[in-house]
Amino acid sequence: MPIALVDCNNFYVSCERMFNPKLEGKPVVVLSNNDGCAVARSNEVKALGIKMGEPWFKMEQIARQYSIISYSSNYTLYGDLSARVMSILSDFSPRQEIYSIDECFLDLDGFDPKALMTYGQTIRQTVMRNVGIPVCVGIANTKTLAKLANHCAKKGLAGSAGVCDFNILNKEDRKDLFASIPVNEVWGVGHRIKTRLNGLNIQSVEDLCCADAEYIRQQFSIVLERTVNELNGIPCIELEEAGVPRQQIMVSRSFGQPVTTLEDLSESVAYFTTRAAEKLRKDGSVAACLCVYVRTNPFKKDEPQYQRSIVVPFIQPTDDTTKLVDAALTGLKVIFRNGYRYKKSGVLLMGLQSKGMIQASLFDDLDQQVRSDNMMKVMDTINLKMGNGSLTIAATGVRQRWAMRRERKSPDYTTDWSELPVAE
């Protein structure tokens, strides 16, 4: 059964270039929260030897030397463009698994095997024409091989530009290709596993293909055994059309500057709880309890350290933002201590279950539940139409002195009326 893995090229950078064509061909890097480290690099930046996760303060000198353009992460923009790409890709297959914000699997079972290379090019051209994001397509009979084929498509190996179909390669050509690819390019083989595999003289993808699957399971895990089988064309990882419901929802951030007051800390906790509640309702779930935590900066050894969390249960599982925020702030007041410079706070929703599966009790106020549901529906509808944060609760604050640093953020071109692009 042929499977395609469609992956957006340097996705965050491509999103920035989409609305600023002057960035084409120039070195561009997108930074993490608080402009900390590189989370996306253009090919020009990669060519300079800058690694993923490189701290910005370490690369500032080389950035000045080579005129590297840096941007703060704009997840609102990236999420919206991702949704558009995935919507278009869903038209190319009856079954789609969205694997991450910038990649998805497509089931191509029943398609003409001889036409898949052309079909892959059609996918690329359609996404580029309708959204403006470049993608590459890898085609094979297992998900692991499809991921590897996508890697080859990006590198221009064994196929036309941007598309690679392992199924059109003969046995010898595939063997030679796999022998030229380091084993760490295999899906799920990280640095530690690579080091151990190298110690067993498994250097390339071909070496791993030829390894005894049972021996690999004994030395590593059943997961890596499945990887070996997948590399040999034996499907072990099923295509998932719908994601598995989340068991927990976490929202947390490091602050742009230290926070010392309960007021500022409360604003951050209320804001994070509001975002978590939005995700909860989007999943159609409710939470049975909530955990709120705070901590100081562990890297500031010369400052007093404090870290504390507390779990607040609900009598009845809920998805109501007001109830969730009230619980979070109640817990925060218990764990807050004066005299510390807080660096981070967060909220974790736990005990998640489908809203339709809640068991009613004798003392439920059905009218109140209807009012709550209607209010949350109105809030979500307005925020979806007008942009996140258009309608929120007062506890999240206005000035938000604790907000993370985003000094290089691009406008929210597609989700904020006031930041729509203007043609000059």
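Colleague: Let's start small. Which residue of β6 stands opposite V6?

Modeller: C104 in β6 stands opposite V6. Keep in mind that this is a predicted model.

Colleague: How do you know that β1 and β6 count as paired strands?

Modeller: Pairing needs at least two bridges between the strands. Five bridges join β1 (residues 3–8) to β6 (residues 103–107), so the two strands pair. They run antiparallel.

Colleague: What makes β5 and β8 the edge strands?

Modeller: Follow the order of the open sheet, β5-β6-β1-β7-β8. β5 (96–100) and β8 (163–165) each pair on one side only. The pairing in this sheet of five strands is mixed, and neighbouring strands are turned by 15° against each other on average, direction ignored.

Colleague: On to the helices! Why is α4 called oblique to α5?

Modeller: Helix α4 (residues 75–89) and helix α5 (residues 116–130) pack at an angle of about 140°, with their axes 10 Å apart. An angle has to be over 145 degrees to count as roughly antiparallel, and 65 to 115 degrees counts as roughly perpendicular. The angle of about 140° fits neither range, so α4 is oblique to α5. The crossing of α4 past α5 is right-handed.

Colleague: Which residues meet there?

Modeller: From α4 come V85, I88 and L89, and they meet I123, T126, V127 and N130 in α5. By class, that contact has five nonpolar, two polar and no charged residues.

Colleague: And why is α1 called roughly perpendicular to α4?

Modeller: The axes of α1 (residues 11–18) and α4 cross at roughly 95° and come within 10 Å. Since 65 to 115 degrees counts as roughly perpendicular, that value makes α1 roughly perpendicular to α4. On the α1 side, the contact is made by F11, Y12, C15, E16 and M18. The α4 side brings Y75, L77, Y78, L81 and S82. By class there are eight nonpolar, one polar and one charged residues.

Colleague: Last one: what makes F105 and W187 a tilted aromatic pair?

Modeller: A search of the whole structure finds 16 aromatic pairs, and F105 with W187 is one of them. Their centres are 5.8 Å apart, and rings pair if their centres lie within 6.5 Å. The planes are 40° apart. Stacked would need under 30 degrees and edge-to-face over 60, so this pair is tilted.

Colleague: Which parts does the pair tie together?

Modeller: F105 lies in strand β6, and W187 in the loop between α7 (171–179) and α8 (191–199), so the pair links parts 82 residues apart in sequence.

Key: Residues numbered from 1 in each chain as written. Predicted model: local features only at pLDDT ≥ 70, side-chain atom pairs only at ≥ 80, totals over all residues. Heavy atoms only, no water. Axes fitted to C-alpha atoms, helices over the stretch in contact; angles between N-to-C directions. Helix = DSSP H or I, 4+ residues; strand = E, 2+ residues; numbered from the N terminus. Parallel < 35°, antiparallel > 145°, perpendicular 65-115°, else oblique. Left-handed = near helix turned anticlockwise from the far one by under 90°. Contact = heavy atoms within 4.5 Å. Nonpolar A, V, L, I, M, F, W, Y, C, P; charged D, E, K, R; others polar. Phe/Tyr/Trp six-rings, centres within 6.5 Å; stacked < 30°, edge-to-face > 60°.
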